[in-house]
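Here are some short exercises, each with a worked solution. Have your viewer ready and try each task before reading on.

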Amino acid sequence: DLALIAFEEAIQLNPSYGEAWAFHSEALQQNGENGYVSLQKALELTPDSVLVRSLAAVYWRRQGDPQKALEYLYANLEVEPDQAVWVLEIGNTIAEDGDIPLALTYLEQAANLDAQDPYYWRSLAVFCSQHQIEIYTIGFPAARRALILAPEDSLALDTMGWLLFVQGDEYSSERFLVHALQNDSNNPLIHYHLGLLYLQRTDNLKAYDHLVQVRLHSSPSSELGVLADRLIALYLSTGTIQ
C-alpha cells in the first residue's frame, strides 16, 4: 500500500517519468488491481527502457500471454546480450508456453553465460527437477556446480537435497536439507521440502513441525502457504497418512 502511494506521488511530481509509471503499474498489480493503463503510459513515454520492458514482460506473463512477454524480453536481450538474466527469463517464459526442451537450452545458455554465479546453475537444476527433464545429465551437474561456487548457500544445498529426494535418495536428501536449514532456519521452501520428506517416511510429527514453519514464514495466500495448509489438512489433521 505504501509503495503504491509513493509511486502515485512520483508520477504526480513528474508525469513524464516512464519508469515511475511502470512501477505504479506493478504496485497496482501487487494490490490486486490490473495496472494495464499505467503500464501502457510507461511504454508510451519510454519504450526503449529495459526496466519498463522487463515489467511489461512480467505483466503479460501474469496475464497468461507468454508470447507477448517474449517480445519485450527479446528486445532487452538484443540491447544487453551479455546479461544472463534475460536469457534465463526467456527460457522460463518459453516453458510457460509449453516448449520445455527449447526452454532448457536457454537456461543452460544462461548458466554458461554467467558461469560464476550459482544462481543460474541452481535455476537450471530446479528447472530440470520441476519438469522431470535431463535430471541426471544436466540437473545434478548443475546443482553440484552451484554448490562448488557457494558451498554454504542455503538454496544451493536445498536444491541438491530436493533433487536427491525426487530421485528417491531420502538419506542423502535429508543430510543436504538439514544443512540448508541450519544456514537459513526461517526459509519456508526448505521447511516445505523437509515436510514432504518426513511425510514420505510417515514421520508425522516432524512433517507437521516443518509444515507449520512454512505457515509461519510465508504468506497464507502464497503458493507454499497454500500447499502446506493442504498437506496438513490431508495427511496430518487426523495424525495418519491417508
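**Exercise 1.** How many of the 13 residues of H10 are buried?

*Solution.* First, some ground rules. This is a predicted model, in which local features need pLDDT of at least 70 and side-chain atom pairs count only at pLDDT 80 or more, while totals for chains, interfaces and linings use all residues. Residues are numbered from 1 along each chain as its sequence is written, and side-chain values use heavy atoms, with hydrogens and water left out.

Step 1: take the terms. Helices (H or I, at least four residues) and strands (E, at least two) are DSSP runs, numbered from the N terminus. Buried means under 20% relative accessible area, exposed over 50%, and partly exposed in between, with a 1.4 Å probe and protein chains only.

Step 2: count. In H10, 10 of the 13 residues are buried, so the helix is mostly covered. Among them are Ser154, Asp158, Met160 and Phe165.

Step 3: look for the partners. The buried residues of H10 pack against helix H8 (118-131), helix H9 (135-149), helix H11 (170-183) and helix H12 (188-200); contact here means heavy atoms within 4.5 Å.

**Exercise 2.** Compare the expected and actual spans of H10 and H6, then inspect what lies at their ends.

*Solution.* Step 1: the expected span is 1.5 Å times one less than the number of residues.

Step 2: for H10 (residues 154-166), the 13 residues should span 18 Å, and the end C-alpha atoms are 18 Å apart, which agrees.

Step 3: for H6 (residues 84-96), the 13 residues should again span 18 Å, and the end C-alpha atoms are 19 Å apart, which agrees.

Step 4: check the ends. Asp153 caps the N-terminal end of H10, with a side-chain oxygen 3.2 Å from the backbone nitrogen of Leu155. Just after H10, Gly168 takes a positive phi of about 90 degrees; just after H6, Gly98 has a positive phi of about 105 degrees.

Step 5: add the surroundings of H6. Its buried residues include Trp86, Ile90 and Ile94, and the buried residues of H6 pack against helix H4 (50-62), H5, helix H7 (100-113) and H8.

**Exercise 3.** Which residues does Asn76 touch, not counting residues up to four places away in sequence?

*Solution.* Step 1: locate Asn76 in helix H5 (residues 66-79).

Step 2: Asn76 is buried, with a relative accessible area of 0%.

Step 3: the residues it touches are Val50, Arg53, Ser54 and Trp86.

Step 4: look at the polar atoms. The backbone oxygen of Val50 lies 3.2 Å from a polar atom of the Asn76 side chain.

**Exercise 4.** Is Ile135 buried or exposed?

*Solution.* Step 1: Ile135 lies in helix H9.

Step 2: Ile135 has a relative accessible area of 9%, so it is buried.

Step 3: leaving aside neighbours within four places in sequence, Ile135 is in contact with Cys128, Ser129, Phe140, Pro141, Val166 and Gln167.

**Exercise 5.** Where does Gln132 lie, and where does Thr202 lie?

*Solution.* Step 1: recall the background. Most residues other than glycine have a negative phi.

Step 2: Gln132 has a positive phi near 50 degrees and lies in the loop between H8 and H9.

Step 3: Thr202 has a positive phi near 60 degrees and lies in the loop between H12 and helix H13 (204-216).

Definitions and conventions: A polar contact is a pair of N or O atoms within 3.5 Å; within protein, one must be able to donate a hydrogen and the other to accept it, and residues adjacent in sequence count only if both atoms are side-chain atoms.
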